[in-house]
Amino acid sequence: MASNENLPPNVIKQLAKELKSLDESPPDGIKVVVNDEDFSQICADIEGPVGTPYENGLFRMKLALSHDFPHSPPKGYFMTKIFHPNVASNGEICVNTLKKDWNPSLGLRHVLSVVRCLLIEPFPESALNEQAGKMLLENYEEYARHARLYTGIHAKPKPKFKTGAISESTTALNVGQPNNETPAAIPSSVADINRVITATEQIANVPVAAAAGSASVATTTQKREAGLAKVQADKKKVDARKKSLKRL
């Protein structure tokens, strides 16, 4: 497995400096994913440029650095599946900057920017994906349709917010709450009343989920108070009924 041990100390030092710069001031539409333990694999998330078939997509790519970097160019790969003339089926990227036009003085920022520009202006003349290259030259609309389809399926950004916690909090608040749609029967004995009082006290002691809003908590408290008041009213009715029976 490749690691920092495969790279000379001076190269590691230069890469660390570049990666820090990329993290603090990222290029437009590019976010580098830093792995301090392995600078030989540089990963980045690239946003699909606006106005291209890759718009609204998020593409993970990587640069694989050999032991003699920067004297030899890194190899570029798209890890996210993409329909593009210059990207092979295994994700390998074909661009002159990483081949015949490579220069040891080129930095990571320049290389990543070139890869993103490739999404704006493909080069079908040096296509690794012959189908995409031919389609781009002969029928751009069909090419764009295929590229958008791949983008929608494989390059959808992950949602930033989760709704599970909100749903769980709402469920927690509703646990043990009385059903307002079906009227409860009036208790007919002291034992029934005691059971209702005990159940209501247990409801009152159910912890309220911290994620619930103050409005939901207030509504729940009102329901509890209404339930207690109803139980007390039912108890009075039973007591009154008992007194009437004694008089008879």
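Select R116 and show everything it touches: D28, G29, I30, I46, E47, G48 and P49, leaving out residues up to four places away in sequence. Touching, or contact, here means heavy atoms within 4.5 Å. R116 sits in helix 2. Is R116 buried or exposed? With 13% relative accessibility, R116 counts as buried. (Buried means under 20% relative accessible area, exposed over 50%, and partly exposed in between, using a 1.4 Å probe and protein chains only.)

Before you go on, a word about what is on your screen. This is a predicted model, in which local features need pLDDT of at least 70 and side-chain atom pairs count only at pLDDT 80 or more, while totals for chains, interfaces and linings use all residues. Residues are numbered from 1 along each chain as its sequence is written, and side-chain values use heavy atoms, with hydrogens and water left out.

**Zoom out**

Switch to a cartoon view. You should find 7 helices and 4 strands. Helices (H or I, at least four residues) and strands (E, at least two) are DSSP runs, numbered from the N terminus. Follow the chain from the N terminus and the elements go α-β-β-β-β-α-α-α-α-α-α. Of the 248 residues in the protein, 35% are buried. Now turn on the surface: the protein exposes about 15900 Å², and carbon and sulfur atoms supply 54% of that. (Accessible areas come from the Shrake-Rupley method with a 1.4 Å probe; for residues, only the protein chains shown count as cover.) Among contacts between residues at least 6 apart in sequence, 59% join residues at least 24 apart.

**The nonpolar core**

Next, select L15, M61, L63, F78 and L112. These residues have the most contacts inside the largest nonpolar core, which has 39 residues. Such a core is a set of buried Ala, Val, Leu, Ile, Met, Phe, Trp, Tyr and Cys residues joined through side-chain atoms within 4.5 Å. Which elements give two or more residues to this core? They are helix 1, strand 1 (30–33), strand 2 (41–47), strand 3 (58–64), helix 2, helix 3 and helix 4. Helix 2 gives the most, with 7 residues. In soluble globular proteins, nonpolar side chains tend to be buried together.

Stay on F78 for a moment. Ignoring neighbours within four places in sequence, F78 is in contact with F59, R60, M61, V87, G91, I93, V115 and L119.

**Two pairs of helices**

Colour helix 1 (residues 9–24) and helix 2 (residues 108–120). Their axes are 10 Å apart, and the helices pack at about 55°. Axes are lines fitted to C-alpha atoms, for helices over the stretch in contact, and angles run from 0 to 180 degrees between N-to-C directions. Helix 1 and helix 2 are therefore oblique to each other. (Under 35 degrees counts as roughly parallel, over 145 as roughly antiparallel, 65 to 115 as roughly perpendicular, and the rest as oblique.) Show side chains where they meet: L15, E18, L19, S21 and L22 from helix 1, and L108, R109 and L112 from helix 2. By class, that contact has 5 nonpolar, 1 polar and 2 charged residues. (Ala, Val, Leu, Ile, Met, Phe, Trp, Tyr, Cys and Pro count as nonpolar, Asp, Glu, Lys and Arg as charged, and the others, Gly among them, as polar.)

Now try helix 3 (residues 130–138) and helix 4 (residues 140–154), whose axes come within 6 Å and cross at roughly 135°. This pair is therefore oblique too. Q131, A132, M135, L136 and E138 in helix 3 meet Y140, E142, Y143 and H146 in helix 4. The class count for this contact is 5 nonpolar, 2 polar and 2 charged residues.

**Last stops**

Jump to H154, in helix 4. H154 is partly exposed, at 37% relative accessibility. Its C-alpha atom is 6.6 Å from that of T80, although the two are 74 residues apart along the chain.

Then pick P70, in the loop between strand 3 and strand 4 (75–78). A cis peptide bond joins F69 and P70, with omega about 10°. V11 in helix 1 is in contact with F69 and P70, leaving aside neighbours within four places in sequence.

Finish at N56, in the loop between strand 2 and strand 3. N56 has a positive phi of about 70° although it is not a glycine, and at 62% relative accessibility N56 counts as exposed.
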